[in-house]
Amino acid sequence: MPNWGGGAKCGACEKTVYHAEEIQCNGRSFHKTCFLCMACRKALDSTTVAAHESEIYCKTCYGRKYGPKGVGFGQGAGCLSTDTGDHLGLNLQQGSPKPARPSTPTNPSKFAKKIVDVDKCPRCGKSVYAAEKIMGGGKPWHKTCFRCAICGKSLESTNVTDKDGELYCKVCYAKNFGPKGIGFGGLTQAEKKE
């Protein structure tokens with residue numbers, strides 16, 4: 001059937017995918033919003049996707065569904081998994097059932113550390129992922145939050161300065177934190193005469 005609608009069809013929702021919203025994987029096109037793991041529905045990108053025929057998965061679900069089975073497989077070397085694979089339509093439990101484990105982590109400090117290690121943007125407080133990360137003042141920022149705190153001007157590595165954990169353009173920094181007096185931007189000629 002000819003494709004009269006223009007763009008390719010999305011591999012997930014079968015609607016037209018236009019170039020600006022297109023992600024290609026395994027010869028198929030997807031909307032950015034439809035590029036999700038078929039098992040756990042996590043958003044995917046080029047570093048987390050694993051394709052199997054016409055299906056796309058995150059690497060974790062792909063390993064559980066198509067990777068080697070048995071003790072120590074599917075979760076990394078030396079790890080045992082309590083995941084039964086039920087959400088994937090798999091029956092991974094073999095032999096007698098094991099006693100239930102407590103739902104609280106055995107080492108709470110390790111669990112808490114994983115939550116704290118997520119990079120947070122100092123301006124908006126939300127998580128900063130690698131695709132949108134800009135480093136400034138030793139901290140990760142969203143591209144959209146990487147702006148002068150005073151005038152709102154978008155910053156680059158050539159015009160950014162930081163003070164007390166906040167970012168400023170060089171002009172605003174000089175006006176507010178630089179030397180004061182005639183010729184330094186603190187007073188104008190009209191202000192001096194008054």
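Helices, in this report, are DSSP runs of H or I at least four residues long, numbered from the N terminus. One such helix is α3, residues 170–177, which holds both Tyr 173 and Phe 177. The model described here is a predicted one.

**The chain as a whole**

The chain contains four helices and 10 strands. Along the sequence these elements follow the pattern β-β-β-β-β-β-α-α-β-β-β-β-α-α. The chain has 194 residues, of which 23% count as buried. Its accessible surface comes to about 14100 Å², and carbon and sulfur atoms account for 55% of that area. Among the contacts with a separation of 6 or more, 14% are between residues 24 or more positions apart.

**Two nonpolar cores**

The largest nonpolar core has 14 residues, and the members that touch the most others are Phe 35, Cys 37, Leu 44 and Ile 56. Strand β6 supplies the largest share of this core, with three residues. A second core of 11 residues is separate from it and includes Cys 121, Trp 141, Cys 148 and Cys 172.

Cys 37 is found in the loop between β4 (28–31) and β5 (49–52). Cys 37 counts as buried because its relative accessibility is 0%, and the cut-off for buried is under 20%. Outside its neighbours within four places in sequence, Cys 37 is in contact with Lys 42, Leu 44, Ile 56, Tyr 57, Cys 58 and Cys 61. From Cys 37 to Ala 50 there are 13 residues in sequence and 8.9 Å in space, C-alpha to C-alpha.

Leu 44 also has a list of contacts, again leaving out residues up to four places away in sequence. Leu 44 touches Phe 35, Leu 36, Cys 37, Val 49, Ile 56, Tyr 57 and Cys 58.

**Helix α1**

Helix α1 spans residues 59–66, and Cys 61, Gly 63 and Arg 64 are buried in it. These residues are on the same side of α1, because they cover an arc of only 160° around the axis. Strand β6 (55–58) is included in what covers the buried residues of α1.

**Aromatic residues**

In the whole structure, a search finds five aromatic pairs. The pair Tyr 173 and Phe 177 is tilted, because the planes of the rings are at 45°, with the ring centres 5.4 Å apart. For planes, under 30 degrees would count as stacked and over 60 as edge-to-face. Tyr 173 and Phe 177 are four residues apart in α3, which is about one turn of the helix. Elsewhere, Tyr 57, Tyr 62 and Tyr 66 form one aromatic cluster.

The table gives the relative accessibility of some residues named above.

| Residue | Relative accessibility | Class |
|---|---|---|
| Cys 37 | 0% relative accessibility | buried |
| Tyr 173 | 28% relative accessibility | partly exposed |
| Phe 177 | 34% relative accessibility | partly exposed |

**A hairpin of two strands**

Strand β9 (residues 160–163) and strand β10 (residues 166–169) run antiparallel and are joined by four bridges. Within this pairing, Asp 162 stands opposite Leu 167 in β10. The two strands form a hairpin, with two residues between β9 and β10. In the turn, Asp 164 has a positive phi of about 55°.

Technical notes:
Residues numbered from 1 in each chain as written. Predicted model: local features only at pLDDT ≥ 70, side-chain atom pairs only at ≥ 80, totals over all residues. Heavy atoms only, no water. Pairing = 2+ DSSP bridges. Buried < 20%, exposed > 50% of the residue type's maximum accessible area, 1.4 Å probe, protein only. Arc of directions from axis to C-beta. Contact = heavy atoms within 4.5 Å. Areas by Shrake-Rupley, 256 points an atom, 1.4 Å probe, with all protein chains shown as cover. Phe/Tyr/Trp six-rings, centres within 6.5 Å; stacked < 30°, edge-to-face > 60°. Core = buried A, V, L, I, M, F, W, Y, C linked by side-chain atoms within 4.5 Å.
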